[in-house]
Amino acid sequence: MNNEEHFKNVISHSKEYGFIFPSSEIYDGLSAVYDYGTYGVELKNNIRTYWWKSMVQLHENIVGIDSAIFMHPTIWKASGHVDAFNDPLVDNKDSKKRYRADVLIEDYMAKQADKIEKEVEKAKKRFGEKFDETLYLATNPRITEIQNTINTVHTRFKKAMEENDLVDLRQIIVDCEIVCPISGTKNWTDVRQFNLMFSTSMGAMEESSNQLYLRPETAQGIFVNFLNVQKTTRMKIPFGIAQTGKAFRNEIVARQFIFRMREFEQMEMQFFVQPGTELQWYENWKKKRLEWHHSLGFPQSKYRYKDHTKLAHYANAACDIEFEFPFGFKELEGIHSRTDFDLKSHEKFSGKKLQYFDPELNSSYVPYVVETSVGLDRTVLAILSQSLTTETLEDGTTRDVMRIPHFLAPVKVAVLPLMKKDGLPEKGMELFNKLKLRTYCQYDEKDSIGKRYRRQDAIGTPYAITIDHQTLEDNTVTIRDRDTMKQERINMDEVEKIVMDKVDITEALKRL
Ligand code: ATP
């Protein structure tokens with residue numbers, strides 16, 4: 001199965017097994033909006049809890065809040081979103097499809113980089129042991145030509161983005177001969193800026209003064225509460241405020257399933273530090289956040305850092321943690337050193353002081369901020385696409401198994417009486433009633449045992465406990481492991497401990 005087929009499989013599996021449904025499906029759906037089903041919501045809740053506990057519970061100097069989605073409209077003026085939260089868009093006149101100009105150019109550069117990688121792979125095979133990659137990269141004329149093209153486009157692109165030069169952005173698309181993937185033509189409109197905020201109005205009067213925005217990021221709710229939180233928790237700098245919640249962006253090109261949605265959830269932490277120490281903290285959080293992603297247990301080669309080409313108006317350093325989705329390496333989390341931009345700006349617009357009195361320095365200042373911001377839905381997608389595997393078994397049949405990290409699995413254990421008679425269901429319910437107090441457990445007595453195992457594999461349940469006639473005699477059950485499919489006979493009284501040792505979030509937190 002190639003990556004494209006795998007991705008299609010992830011989407012259809014997510015729907016078929018109750019992870020994710022297109023929103024408003026019976027009305028033909030709503031573009032780039034999705035609903036989470038029974039197993040999707042469990043997975044999402046588990047990821048959110050893991051993030052929250054690893055931030056708030058494991059750090060004595062990080063506390064949480066939950067601010068409202070509606071906020072005073074001036075907040076978005078102060079944050080720069082009204083004036084600068086734009087994406088450059090361009091239309092293809094033949095297909096009438098709309099694209100982000102910056103994404104078209106970035107994809108073009110990524111394609112050129114792929115060409116280099118392919119050349120290197122070919123040469124490796126040709127030269128075998130003797131192959132010197134560094135020398136090859138530096139001297140092969142075809143590679144240096146491609147690299148020079150990338151460098152030139154990159155420099156021009158960076159300048160155009162920084163200077164908001166929309167004419168040159170279009171010219172780069174033309175010069176690179178980028179074609180529309182649908183029509184195959186180069187018939188592009190001018191590049192225009194498009195503001196990504198959704199607006200709505202509050203109260204009965206539809207006046208512009210009542211216009212509100214749906215928050216495009218959760219961060220501002222933290223900044224405007226900075227002093228409330230600092231005073232009520234008596235936190236000393238450095239300290240952080242964490243928040244998870246919905247954010248809304250009217251994305252120009254919303255596709256790739258839940259990767260880019262118009263309504264999505266973020267998990268953000270703003271870390272307030274002494275001015276001048278922010279770049280140290282930035283490096284610290286960069287490292288810690290990558291470790292968090294690695295702690296999920298997927299291959300480390302699936303993650304990489306990418307420094308930003310264009311720094312946002314508020315940042316003095318920024319990078320992304322990218323994950324290799326089935327459609328390539330893409331942003332999963334952003335880490336930004338936001339300077340004192342936000343707090344200073346809110347001071348200016350609100351007329352209120354947002355300063356911290358530092359007892360060690362015996363003076364007040366506006367703290368600097370390092371932000372970590374990870375998409376919850378993108379994390380769900382990373383986990384689903386990395387976990388879903390189709391295996392061919394010894395008898396030639398296949399099984400779909402979701403190898404979700406145990407502690408994040410929607411259902412942790414299933415109790416399956418072999419038959420619906422002879423007192424096996426009662427015994428099963430006895431175990432179920434005990435396990436459900438500790439973790440999310442499912443009881444299932446419908447269909448053949450083989451079909452029930454497959455169903456649990458498909459939703460990623462790490463353990464299945466089967467109750468059979470021997471259970472009635474000696475109180476033993478079989479425990480089946482999702483990944484190895486091995487079954488072991490154990491005493492029923494041991495089930496709770498064995499399962500909890502493997503699925504409990506505490507074990508995952510200890511590894512951080
Ligand atoms: P992108 O470059 O992909 O548009 P961004 O740099 O605008 O993302 P940030 O503003 O840094 O994203 O937001 C932090 C995180 O929120 C991102 O790393 C991503 O995981 C998530 N996110 C942002 N936009 C979306 C979206 N439209 N749908 C789902 N998740 C999103």
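Here are four short exercises on this predicted model, each with a worked solution.

Residues are numbered from 1 along each chain as its sequence is written, and side-chain values use heavy atoms, with hydrogens and water left out. Since this is a predicted model, local features need pLDDT of at least 70 and side-chain atom pairs count only at pLDDT 80 or more, while totals for chains, interfaces and linings use all residues.

**Exercise 1. Find the domains and state how far apart the C-alpha centres of domain 2 and domain 3 lie.**

Start with the bounds, which come from an automatic or database domain assignment. Domain 1 is made of 1–69 + 215–390, domain 2 of 86–192 and domain 3 of 393–510. Next, take the C-alpha centres: those of domain 2 and domain 3 are 50 Å apart.

**Exercise 2. Describe the shell around the ligand and its polar contacts.**

Step one is the shell itself, counting a residue if one of its heavy atoms lies within 4 Å of the ligand. There are 16 such residues, and Glu251, Arg260, Met261, Glu331 and Leu332 are the closest.

Step two sorts them by type. Ala, Val, Leu, Ile, Met, Phe, Trp, Tyr, Cys and Pro count as nonpolar, Asp, Glu, Lys and Arg as charged, and the others, Gly among them, as polar. The shell then holds 4 nonpolar, 5 polar and 7 charged residues.

Step three looks at strands (DSSP runs of E, at least two residues; helices are runs of H or I, at least four). E10 (263–273), E13 (328–339) and E16 (368–375) each bring at least two shell residues, and E13 gives the most, with 5.

Step four lists polar contacts (pairs of N or O atoms within 3.5 Å). The Glu251 side chain places an N or O atom 2.8 Å from a ligand nitrogen. A backbone N or O atom of Gly375 is 3.0 Å from a ligand oxygen.

**Exercise 3. Which helices help to line the second largest pocket?**

Check the helices in turn: H3 (74–78), H10 (226–233) and H12 (341–350) each supply at least two lining residues. By type, the lining has 7 nonpolar, 6 polar and 2 charged residues.

**Exercise 4. Locate the cis peptide bond and the positive phi of Ser24.**

First, the cis bond joins Ile237 and Pro238, with omega about 5°. Pro238 sits in the loop between H10 and strand E9 (239–248). Second, Ser24, a residue other than glycine, has phi near 50°. Ser24 belongs to the loop between strand E1 (20–22) and strand E2 (34–36).

Note on methods. A polar contact is a pair of N or O atoms within 3.5 Å; within protein, one must be able to donate a hydrogen and the other to accept it, and residues adjacent in sequence count only if both atoms are side-chain atoms.
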